[in-house]
Amino acid sequence: MGKMLTLLVLRLLMNLLLISWISLWIIKPTTVWIQSWRQAEDTFKHTFFGYYGLSFAVFSFPPIALSIIGLIYLSLLPQHHRLTRGGRSAAISVSRPAIINSFIGIVSCFEIIAVILFLVFLAWTFYVRVNNDLKKLMPVKTMNLDLWQLQYFRVATRFGLLAEACLSLLLFPVLRGLSMFRLLNIQFAASVKYHVWLGTGLVFFSLVHGGSTLFIWGISHNIEEEVWKWQRTGRVYVAGVISLVIGLLMWITSLPQIRRKCFETFYYTHHLYTVFLVSFLFHAGDRHFYWILPGVFLFGLDKTLRIVQSRSESRVLSARLYSCKAVELVLPKDPRLNYAPSSFIFMNIPSISQFQWHPFSITSSSSVDKHTMSVMMKCEGKWTDSVYKKLEEAADSNTKINNITIRVEGPYGPVSVDFLRYDTLFLVAGGIGITPFLNILQELACENRLKTPKSVQLVFSVRTFQDINMLVPVSPILFHPIHNLNLKIKVFVTQEKKHSNGPATLKEYLAQSQVQTIHVGTDEDFSRFQILGHESFRRLATLVLVALLTFLGLLIGLSHFFIPNEHKKHSNSMKLAASGTMTRAKEKVPSWVPDLVIIVAYVIAMTIGGLAAIILQWRRQHRETLRMTKEEVNPQGSNFTESTPIVPIEEHEIHIGERPKFKEILSEFETSLRGWSSIGVLVCGPESMKEAVASICRQRFQCFGVDDSRTIHNKVNLNFHSLNFSL
């Protein structure tokens, strides 16, 4: 009861912080806030905290505190979060697909509402700022401009605020270990598209802001004088040009046409974000950067923690080579490391590339395989081709490979087993998109699950017969179902025809699958190279708090040292102001000094956070080594065991030379259900496949769950979920 009350209090605090932060965004452009903020500045600038501590507390602290409280909340949630019958049926109607477009993808009602609210906020901010500027418009003596040109210049300047709003949210969707989207059960792979949307908006508004400013300077013949100098005070325009060029370069190389063909170009170019952020800081100044700071702070710490985790090296225990040019790697893991189905890891193999990290869905279940973790990859690029060829050469030469070193980040995934809330599951996979469903099927077969869907249908679409081999890891489940799980599989081979003497059933195809198993490394390596996973939520919250206090202390301390300390000179302030000395004293401090203070405090805080993470990691590894010396484990053995009762099932279907007709298959599946049912529709595969299934779900229901049909479908509730196997 006490912990449940704690969860309720934490949830109220998170809601309060979020509402407060959003309210600041709304009222910040108003005259009332501007006057109140000036009074607060005058009050706090004579205190120990000063203006800089006040700005951080008001603009930057709320989202960082929300992250800390959210991590504490998640650390308590798994112990009390239980899926009930009512929880299964309580589908979030606003999450259903509303817009399906090949360019922007699948957009849910919830996302449409969020985008509309954000656009309304941008319009509100732009209108209020421009309206105030035009009322107070004064000609600039140094710029020989007409009235319309001066008005256009002020409008272009305010477009920079819209770019700033996009940048302030840009990094939140790409957080991994510190992601606040976990509170909404939104996975990293799904939140990346928000990063893409915000990045596109950032580039658009920046182009309008920068291009229009350069245009006005060109008219006034001041472009060379204004752009190519590093001003002592005010905006540093050359830094703005640098950030604009780098941002545009990062956006262009991230386009799907370039990212998929030249991943290395996208990967290395995107690491210019450090130069972009520093340039933006010097251009906009510290006053504007406090809005951006929360995302930058959490992203920097998240990146530091990922680097610390990736320092630990692991080894490949064994590998499977499939005839469809797929590779399954078996990795050692801590038996206490648990993860939910549809989780994934980022993996790096130094012998292939020192810097490239690639995400892969975990195909094994932590409820079944306590000591190992498996991932499967399809050879569709240079990196995966190199992995396959390296293992293939060893298999052909019949030699044993020793010590394939890997580095792992993660695993990352949902906090709870979300799919268990549904009565039935309708799974759709295309090619290598089967990988998250291999994990889900093993989780469903685990005997310690209290409540699971009773009926599951998997539609698996592949190009060739050889691709069917990817079902081998779950073949014991397919033909020996456990716990009364009604499992039906329909396999569609789209680009081949049936051979006259070939196998006729799915069981025969899997029995003839060509899979080579390669043992790598030795048993001694297992105890030394286990994957421990990231730190617990509670320790992550502690690390964020340590870095936060370090940054705030350094920010205030360095500001007092390098910037005139008005707290100490308050007694002489009136005399200095009367004589004009204070104005001259302020001018002696360049505007980029506070920016350097922020950078130095940030770097030291990230370093302290990284050192604390290294200490925690060392302690974990030391405790694990001591534990392993007292226990005896079996790293190579499979922990999957068949249990009774075994229920006979009808033969799975295999269709050759045709594509799945999802509408007919789904209707047939619904007809087989008796009474009311909540169906979880999970799709992982090509975008065209996701769009086809999402269209069916959208046609069935309106945005807020109003059923359009009057047939048996009134008793069926479809809940669409898209799983990504590539980022």
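**Close-up views of two antiparallel sheets**

**View 1. Ser314 and its partner across the E3–E9 pair.** Ser314 stands opposite Ile406 in strand E9. The model shown in this and the following views is predicted. Strand E9 covers residues 405–412 and is joined to E3 by 3 bridges, the two strands running antiparallel.

**View 2. The open sheet E3-E9-E6-E7.** Four strands make up this open sheet, in the order E3-E9-E6-E7, and their pairing is antiparallel. Its edge strands are E3 (313–315) and E7 (358–361), each of which pairs on one side only. From one strand to the next, the twist averages 45°.

**View 3. The open sheet E8-E5-E4-E13.** This open sheet has 4 strands in the order E8-E5-E4-E13, again with antiparallel pairing. E8 and strand E13 (515–519) stand at the edges; each has a single partner strand, so one side of each lacks a neighbour in the sheet. The twist averages 15° from one strand to the next.

**View 4. The hairpin of E4 and E5.** Strands E4 and E5 form a hairpin, with 3 residues between them. Lys325 lies in the turn and has a positive phi of about 65°. E4 (residues 318–322) runs antiparallel to E5, and 5 bridges join the two. Ser318 has Val330 in E5 as its bridge partner, while Arg320 is partnered by Glu328.

**View 5. The pairing of E5 with E8.** Strand E8 (residues 372–378) is joined to E5 by 7 bridges, and the two strands run antiparallel. Glu328 stands opposite Met376 in E8. Glu328 is also the bridge partner of Arg320.

**View 6. Burial of strand E5.** In a regular strand, side chains alternate between the two faces of the sheet. In E5, both faces are covered. On one side Ala326, Glu328, Val330 and Pro332 are buried, and on the other side Val327, Leu329 and Leu331 are buried. Strand E5 spans residues 326–332, and 7 of its 7 residues are buried, so the strand is largely enclosed by the rest of the structure. Buried here means under 20% relative accessible area. Two of the residues named in the earlier views recur here: Val330, the partner of Ser318, and Glu328, which stands opposite Met376.

How values were computed:
Residues numbered from 1 in each chain as written. Predicted model: local features only at pLDDT ≥ 70, side-chain atom pairs only at ≥ 80, totals over all residues. Heavy atoms only, no water. Buried < 20%, exposed > 50% of the residue type's maximum accessible area, 1.4 Å probe, protein only. Pairing = 2+ DSSP bridges. Axes fitted to C-alpha atoms, helices over the stretch in contact; angles between N-to-C directions.
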